[in-house]
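The report below goes through one protein chain, part by part. The sequence and the structure come before the text.

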Amino acid sequence: MSDQSADSAPLRIRRWEQRTEVPLFGASLLFLLGYAVRVLAPADTGPWRDIALALVGVTWLVFAADYAVRLRLSGLGLRFVRVHWLDTVVLLLPLLRPLRLIRVYTAVQQRQERPRLSLYARVITYAGATALLLGFSAALAVYDQEHKAPGASIRTFGDSVWWACETLTTVGYGDTVPVTTGGRIVASGLMACGLALLGAVTGSFSSWLVQVFTREDERRPPERE
């Protein structure tokens with residue numbers, strides 16, 4: 001009986017993910033919206049900052065409930081924390097939820113007969129959307145940490161967005177740099193993500209070019225002697 005339960009656990013989790021990934025992605029956008037209002041809204045905006053804080057708290061509770069359900073359905077007990085480490089990290093740092101965007105796409109495609117985009121287009125689209133959401137999230141987090149710090153070069157949200165663009169593209173002009181511990185931790189994570197996303201896009205584009213040139217060579221008639 002226990003063996004049957006263990007065998008059905010992956011199926012139960014897969015069904016749960018298919019039903020919840022898209023709504024949870026919507027909740028993550030609401031979380032990001034609430035966090036953005038909380039960070040960017042002036043202190044004298046009345047109840048808006050409190051509403052944004054409540055929105056952040058409610059959406060995080062939704063993420064926590066989803067995590068608890070996944071843990072129970074997995075049948076792994078506390079091993080779930082280690083096996084599904086990305087889910088654990090995303091629960092602790094909800095601003096990293098864009099990293100789960102590939103699961104959202106998979107959940108949508110499983111409801112259709114076949115993917116609408118080719119493999120290379122999917123990689124580039126996923127990497128681009130992830131870079132956009134991660135860059136915006138990192139810009140908010142760094143601005144929240146930096147704009148009041150002594151000696152900071154990131155004083156406005158525009159400075160933070162420019163810094164995020166520099167970091168994601170691995171350019172690093174050095175005109176805006178985080179000086180706080182929290183800002184540097186965010187920067188380290190964004191640099192790692194930027195390298196991974198840039199490598200994914202470059203590799204996919206290069207592979208697509210090779211495939212196109214190979215097809216052209218195959219279609220070209222052989223030269224006569």
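Gly-189 lies in helix 8, which covers residues 181-219. The model is a predicted one. With a relative accessible area of 35%, Gly-189 is partly exposed, because that value falls between the limits of 20% and 50%. Along the chain Gly-189 is 51 residues away from Ala-138, and the C-alpha atoms of the two are separated by 9.0 Å. Ala-138 is itself a member of a nonpolar core of nine residues, which also includes Ala-139, Val-142 and Ala-164.

**Overall make-up**

The chain contains eight helices and zero strands. Read from the N terminus, the order of elements is therefore α-α-α-α-α-α-α-α. Of the 225 residues in the chain, 32% are buried. Among contacts with a separation of 6 or more, 61% join residues 24 or more positions apart. The accessible surface of the chain is about 14100 Å², and carbon and sulfur atoms hold 64% of that surface.

**The largest nonpolar core**

The largest nonpolar core has 17 residues, and the members that touch the most others are Phe-31, Leu-32, Tyr-35, Phe-63, Leu-95 and Leu-140. Two or more residues of this core come from each of helix 1 (2-40), helix 2 (48-74) and helix 6 (119-146). Helix 1 supplies the largest share, seven residues. The core of nine residues that includes Ala-138 and Ala-164 is separate from this one.

Which residues does Leu-95 touch, leaving aside its neighbours within four places in sequence? Leu-95 is in contact with Phe-31, Leu-32, Tyr-35, Leu-134, Ser-137 and Ala-141. Phe-31, Leu-32 and Tyr-35 are also among the core members that touch the most others.

**Helix 2 and helix 7**

Helix 2 has 27 residues and should span 39 Å at 1.5 Å a residue; its end C-alpha atoms are 39 Å apart, so the two values agree. Helix 7, residues 157-168, has twelve residues and reaches 16 Å from its first C-alpha to its last, close to the expected 16 Å. The buried residues of both helices, and the residue with positive phi that follows each, are set out below.

| Helix | Buried residues | Following residue and phi |
|---|---|---|
| Helix 2 | Ala-52, Val-56, Thr-59, Phe-63, Asp-66, Tyr-67, Arg-70, Leu-73, Ser-74 | Gly-75, positive, near 70° |
| Helix 7 | Ser-160, Trp-163, Ala-164, Glu-166, Thr-167, Leu-168 | Thr-170, positive, near 60° |

An α-helix has 3.6 residues a turn, so residues three or four places apart point the same way. The buried residues of helix 2 include Ala-52, Val-56, Thr-59 and Phe-63. Phe-63 is also one of the residues that touch the most other members of the largest core. In helix 7, Ala-164 is buried, and Ala-164 belongs to the second core.

**The salt bridge in helix 2**

How many salt bridges does a search of the whole structure find? The search finds one. Arg-70 pairs with Asp-66, and the closest N and O atoms are 2.7 Å apart. Side chains of opposite charge can pair when their charged atoms come close. Arg-70 and Asp-66 are both in helix 2, four residues apart, which is about one turn of the helix. Are these two residues buried or exposed? Both Arg-70 and Asp-66 are buried.

**Arg-14 and the end of helix 2**

Arg-14 is found in helix 1. Its relative accessibility is 41%, so Arg-14 counts as partly exposed. Arg-14 and Ser-74 are 60 residues apart in sequence, while their C-alpha atoms are 9.9 Å apart in space. Ser-74 is among the buried residues of helix 2, and helix 2 is followed by Gly-75.

**Helix 4 and the surface patch**

Thr-88 lies in helix 4, residues 85-92. The relative accessible area of Thr-88 is 15%, and because this is under 20%, the residue counts as buried. Not counting residues up to four places away in sequence, Thr-88 touches Tyr-67 and Val-81. Tyr-67 is one of the buried residues of helix 2.

Trp-85, Val-89, Leu-92 and Leu-93 form a nonpolar patch on the surface, and together they have about 430 Å² of accessible area. Leu-93 is in the loop between helix 4 and helix 5 (101-109). Leu-93 has 48% relative accessibility and therefore counts as partly exposed.

Definitions and conventions
Residues numbered from 1 in each chain as written. Predicted model: local features only at pLDDT ≥ 70, side-chain atom pairs only at ≥ 80, totals over all residues. Heavy atoms only, no water. Core = buried A, V, L, I, M, F, W, Y, C linked by side-chain atoms within 4.5 Å. Buried < 20%, exposed > 50% of the residue type's maximum accessible area, 1.4 Å probe, protein only. Contact = heavy atoms within 4.5 Å. Expected span 1.5 Å × (residues − 1). Patch = residues over 30% accessible without salt bridge, like charges linked within 9 Å, V, L, I, M, F, W, Y side chains within 5 Å. Areas by Shrake-Rupley, 256 points an atom, 1.4 Å probe, with all protein chains shown as cover. Salt bridge = Lys/Arg side-chain N within 4 Å of Asp/Glu carboxyl O.
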